[in-house]
Amino acid sequence: MIWNISWKNVWRNKARSLVVVCAVTLGTISGVFVAGMMNGWVDQRIRSAVYTEVSHIKIQNPKYLINEELKHTIPNITEISDFLNNSDKVSAWTKHTKIIAMASTSRGSTALNLKGINVDEEIQVSNVKDFIVDNGGDYFESGFKNPIVISEKTADQLRLINYIISQELLDSITDLGADANLISSLSSIKNKRFITEKKFKAQLESILKPNDIKELGAQIMKLAKNYKVRSKIVFTFSGMNGEMSYQSFRVCGIYKTNNAMFDQMNAFVKEENIATVAGFMPNDYHEISIILKDDKENLTSFKDELSSKFPNTSVMTWKELAPDAGMMADFMKIYYYIIMGVIFFALAFGIINTMLMAVLERIKELGMLMAVGMNKKRVFSMIMLETIFLTLVGSIVGMLLGGALIVIFGKIGMNFASVQEGFEAFGWSAMVYPSIDLSFFLGVTIMVIIIAILSSVIPARKALKLNPVEAIRTE
Amino acid sequence: MKVIDIKNLTKIYNESEVKVKAVDGISLSFEQGEFAAIVGPSGSGKTTLLNLIGGLDKPTQGEISVDGTDIGGLNSSQLIDFRLRNIGFVFQAYNLIPVLTAKENVEFIMELQGKKRIERDERSIELLSAVGLGERVNARPSKLSGGQQQRVAVARALASKPKFILADEPTANLDSKSTETLLNIMEQLNKEENITFIFSTHDQRVVKKARRVITVEDGRVVSDEKRN
């Protein structure tokens with residue numbers, strides 16, 4: 001019956017309780033949603049770190065880490081290959097050669113990490129294939145000689161992107177609701193080629209009204225973008241023997257991941273197209289990338305196993321290779337609870353205040369209860385339960401609504417396009433899909449109960465200090 | 001059989017360096033089945049005396065034994081338990097729990113005593129019927145008149161099967177009709193069930209019904225009149 005009384009007491013002063021319940025609800029919604037959003041970001045960053053950038057475990061020659069010279073290839077590659085092929089913990093693995101090379105076209109040049117890959121194996125380990133941009137060719141599917149996959153960033157630096165107002169673009173813009181004036185303005189530069197984004201933008205600004213640019217500018221830029229797939233890029237690098245070597249490739253695909261830094265550095269070619277000219281022998285590789293079946297369970301143990309089996313290699317996990325993501329994976333869960341803790345700590349003052357008022361206006365009744373034989377433990381429990389109910393109602397509603405928001409935005413995503421560049425510079429996606437573990441809600445519930453118990457101490461002590469004789473006489 | 005035996009009871013309050021003797025060396029005893037009224041003017045000490053008998057207040061001096069137990073020797077948590085098992089209280093302002101129904105208010109005491117649900121159910125309905133509220137068991141106090149609320153309070157006081165019931169000015173807030181009904185019910189319970197009632201009052205209607213009238217003035221008993 002104490003449960004019954006406590007529950008009913010919560011609703012005795014409906015307006016006052018509802019104010020607290022609403023405050024707790026709003027606090028919980030915001031806490032849960034912020035945690036979900038950050039978790040979505042972290043998940044995305046970790047997925048990107050593992051499946052795009054570094055895989056679960058990487059094996060390299062320790063000397064290569066100090067000095068990225070081509071001669072520092074991985075020793076004992078045959079034994080390592082056999083071991084990996086026979087391990088039941090490995091889901092997929094592949095080998096890369098890596099050359100730091102200067103890429104040049106007739107219009108630009110840039111330094112790149114040229115990775116020689118085995119395409120069939122690579123797609124088991126890396127998801128770069130999924131990031132090929134629209135109209136940006138394909139991932140080594142075209143049949144031409146010496147294909148290369150470069151990033152959009154590299155294409156831009158090598159001036160392999162230009163901007164053209166085509167008839168197709170005009171048609172699409174018309175479909176989007178552009179008026180005749182806009183179309184005629186755009187038609188004035190139809191089929192004219194702009195070799196930089198800057199020049200194209202300047203031209204658009206000179207012929208279009210600011211309002212049109214605001215409405216359709218981004219769409220026009222996107223549709224006008226034209227990747228010069230099949231363009232030739234010449235790479236210059238120093239080969240195994242230390243002499244300068246040259247090799248030309250044709251762009252077959254252009255990718256764009258969420259990590260601008262990764263994009264700026266990496267280009268991919270088929271290993272056989274670079275091996276001969278660089279002077280690699282059949283077993284010369286610079287890194288082995290491994291994807292595990294169960295990385296949560298096996299990451300550290302498998303790393304240790306590899307390290308002890310092949311002591312003359314350097315074995316590193318993704319947490320070491322992408323320390324930002326590794327740190328977040330370990331720290332973020334605690335961080336979510338800190339966010340919730342701060343919110344509930346602030347709410348606790350409101351809860352204490354409300355419960356104190358509830359006790360003070362019931363002095364007579366509490367005195368009566370003690371007079372007729374309700375002991376201190378029961379009085380304390382009653383007030384504690386009231387506080388727990390009051391807090392729990394708000395937090396359960398808050399968790400349900402916050403959870404619903406996470407589910408909804410987890411499906412449609414949240415686009416932070418306005419700050420996209422800044423995000424991608426750090427490897428974060430501008431598109432966030434909030435997500436959260438169910439265990440988080442259990443943690444929050446336990447936290448709410450603890451906060452409620454702590455908040456009930458002051459009001460409950462106040463009640464226990466009452467002298468029944470005086471309390472009953474209070475008017 | 002003596003239910004309450006009071007010897008040389010004194011209660012002194014220290015109010016801002018002035019000592020007030022609220023009860024001054026009272027000796028009294030009550031038998032099972034008494035229907036007694038303690039009367040006296042305001043400030044005469046009748047409520048203090050009632051609080052001391054009910055174990056709500058501690059005497060400065062003297063002894064109160066209830067059924068052979070010296071309640072002056074009990075600590076505060078023992079006293080709470082003692083009150084729960086031995087004494088029924090009826091207050092001037094009814095003091096029901098507003099969020100509970102009449103039946104739940106009566107049951108509550110039995111739950112504190114650890115009685116089983118079936119027993120609680122049966123007894124609470126039986127008691128509410130006895131005070132004439134058999135039809136209103138599910139009404140909340142706010143839906144009942146003052147007289148009806150006080151009858152629920154009497155049923156609640158009886159629920160724990162106490163050795164006696166202390167009623168502090170139970171009719172002070174009631175109109176004559178409600179007072180009449182309430183007094184008749186208590187008198188009937190006293191006669192039929194042999195339940196001991198001790199009132200503090202200055203309501204002449206209560207005094208008229210009482211079979212023993214103890215008059216207190218300045219903390220002392222000035223007369224103790226038994227009637228038949």
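Here are some short exercises on the predicted model above, each with a worked solution.

Residues are numbered from 1 along each chain as its sequence is written, while chains are lettered from A and ligands numbered from 1 in the order in which they are written. In this predicted model, local features need pLDDT of at least 70 and side-chain atom pairs count only at pLDDT 80 or more, but totals for chains, interfaces and linings use all residues.

**Exercise 1. Describe the overall build of chain A.**

Start with the secondary structure: chain A holds 20 helices and 15 strands. Both are DSSP runs numbered from the N terminus, helices being H or I with at least four residues and strands E with at least two. Next, take the radius of gyration, which is computed over C-alpha atoms and set against a globule rule of 2.2 Å times the number of residues to the power 0.38. Chain A comes to 32 Å, well over the 23 Å that the rule gives for 475 residues, so the chain is more spread out than a compact globule. Along the principal axes, its C-alpha atoms fill a box of roughly 100 × 70 × 30 Å. Finally, look at the domains, whose bounds come from an automatic or database domain assignment. They are domain 1 (2–48 + 325–473), domain 2 (62–160 + 229–312) and domain 3 (161–227). The centres of domain 2 and domain 3 of chain A, taken over C-alpha atoms, are 37 Å apart.

**Exercise 2. Work out which parts of chain A touch chain B.**

Count contacts first, where two residues are in contact if their C-beta atoms, placed from the backbone, lie within 7 Å. On this basis, 18 residues of chain A meet 18 residues of chain B. Then ask which elements take part: α1 (2–10), α16 (363–372) and α20 (468–473) of chain A each give two or more residues. The largest share, six residues, belongs to α16(A). Now sort the chain A side by type: ten residues are nonpolar, three polar and five charged. Here Ala, Val, Leu, Ile, Met, Phe, Trp, Tyr, Cys and Pro count as nonpolar, Asp, Glu, Lys and Arg as charged, and the others, Gly among them, as polar.

**Exercise 3. Place strand β12 of chain A among its partners.**

Begin with burial, which requires 20 or more other C-beta atoms within 10 Å of a residue's own; exposed means 12 or fewer, partly exposed lies in between, and C-beta atoms are placed from the backbone. In β12 (residues 287–292) of chain A, five of the six residues are buried, so the strand is largely enclosed by the rest of the structure. Then find its partners, given that strands pair if DSSP finds at least two bridges between them. Strand β1 (residues 57–60) of chain A is antiparallel to β12(A) over four bridges, with A:I57 opposite A:I290. Strand β2 (residues 90–104) of chain A also runs antiparallel to β12(A), joined by six bridges, and A:T94 faces A:S289.

**Exercise 4. Compare the settings of A:F140 and B:D218.**

Recall that most residues other than glycine have a negative phi. A:F140 has a positive phi, near 60 degrees, and B:D218 has one near 50 degrees. Next, locate them: A:F140 is in the loop between β4 (132–137) and β5 (147–151) of chain A, and B:D218 is in the loop between β9 (212–217) and β10 of chain B. Last, check burial: A:F140 counts as buried with 20 C-beta neighbours inside 10 Å, whereas B:D218 is partly exposed, with 14 other C-beta atoms within 10 Å.
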